[in-house]
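Hi,

Here is the structure I promised to pass on. Have a look at it first, and my notes follow underneath.

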Amino acid sequence: MTKTIKIILIALAGVMLLAGIMFLIWALMTRPAVIFKPAPAQPAAETTEPLPTGGSVMVPVSTTTQEVSGIPFEVSTSAEAEKQAAKNLCILFAERFGSFSNQGSYENITDLLSVMTPSMRVWAENYVSKNASAAPAEYYGVSTKVVANTFNSYDAAQGNAVMTLDTQRREMRASVEDRIYYQAIRISLKKIDGAWLVDSASWQ
């Protein structure tokens, strides 16, 4: 083998090696990208959770509406709302009962007859009948606003409750300046046929 042939064979081997390297580079560069394939969905495992055995349950409150002197107020059958309704009745009664004038024909009492027990109603009717003929000498009136209230007792099961209410009262006369004073009133309630009614009211 001549020197010339050796050079040619070496050159051919180098060319083939170079071609192989270039092919390998081309193959790597043209390899298709990896396509994301989500894992097959696994069926959800069935679990059983225990039902709650504690906590509170919200019970819808059913309400009805009563009126005193044309002012509606809600009366509810749930325990807390029933107590709130009893308080609302006491507040409404105290303010209406304690607001009057000598020209008002005792409407502060007659307007409340519908929320009185039968015995209280008898007292109210007798009181109005006894005093209705008295002619007013000059204007005299009192307005009353409840500023605080406290249950002295409350027993829905027995159907009785007592509340003391602190009031701010404004005394008005035609000839003198108004006078503001504070007075408490004690109101007793009785539940008759499912409805709270005022059984007595006394200024302290």
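**Salt bridges and helix H2**

Glu171, Arg173 and Arg179 are linked in a network of salt bridges. Before the rest, bear in mind that this is a predicted model. The protein chain averages a pLDDT of 81, and 75% of the residues score at least 70. Two stretches I'd leave alone: residues 34-38 have a pLDDT below 50 and 0 contacts beyond near neighbours in sequence, while residues 44-62 are also below 50, with 6 such contacts in the model.

Back to the charged pairs. The count comes to 7 salt bridges. One of them joins Glu95 and Lys145, at 3.8 Å from N to O. Glu95 sits in helix H2 and Lys145 in strand S4 (residues 140-155), so this pair ties together parts that are 50 residues apart in sequence. Lys145 is partly exposed, at 48% relative accessible area.

Helix H2 also supplies Arg96, which forms a salt bridge with Asp111, with the closest N and O atoms 2.9 Å apart. Asp111 is in the loop between helix H3 (107-110) and helix H4 (118-131), so here the linked parts are 15 residues apart in sequence. Asp111 is partly exposed at 31%, and Arg96 is too, at 22%.

Then there's Asp178 with Arg170, 3.5 Å between the closest N and O atoms. Asp178 has 40% relative accessibility and Arg170 34%, so both count as partly exposed.

As for H2 itself (residues 79-97), its 19 residues should span 27 Å at 1.5 Å a residue, and the end C-alpha atoms are 27 Å apart, which agrees. Its buried residues include Leu89, Leu92, Phe93 and Phe97.

Cheers

Notes:
Residues are numbered from 1 along each chain as its sequence is written. This is a predicted model: local features need pLDDT of at least 70, side-chain atom pairs count only at pLDDT 80 or more; totals for chains, interfaces and linings use all residues. Side-chain values use heavy atoms; hydrogens and water are left out. pLDDT is the predictor's confidence in each residue, from 0 to 100. Contact means heavy atoms within 4.5 Å. Helices (H or I, at least four residues) and strands (E, at least two) are DSSP runs, numbered from the N terminus. The expected span of a helix is 1.5 Å times one less than its number of residues. Buried means under 20% relative accessible area, exposed over 50%, partly exposed in between (1.4 Å probe, protein chains only). A salt bridge is a side-chain nitrogen of Lys or Arg within 4 Å of a carboxyl oxygen of Asp or Glu.
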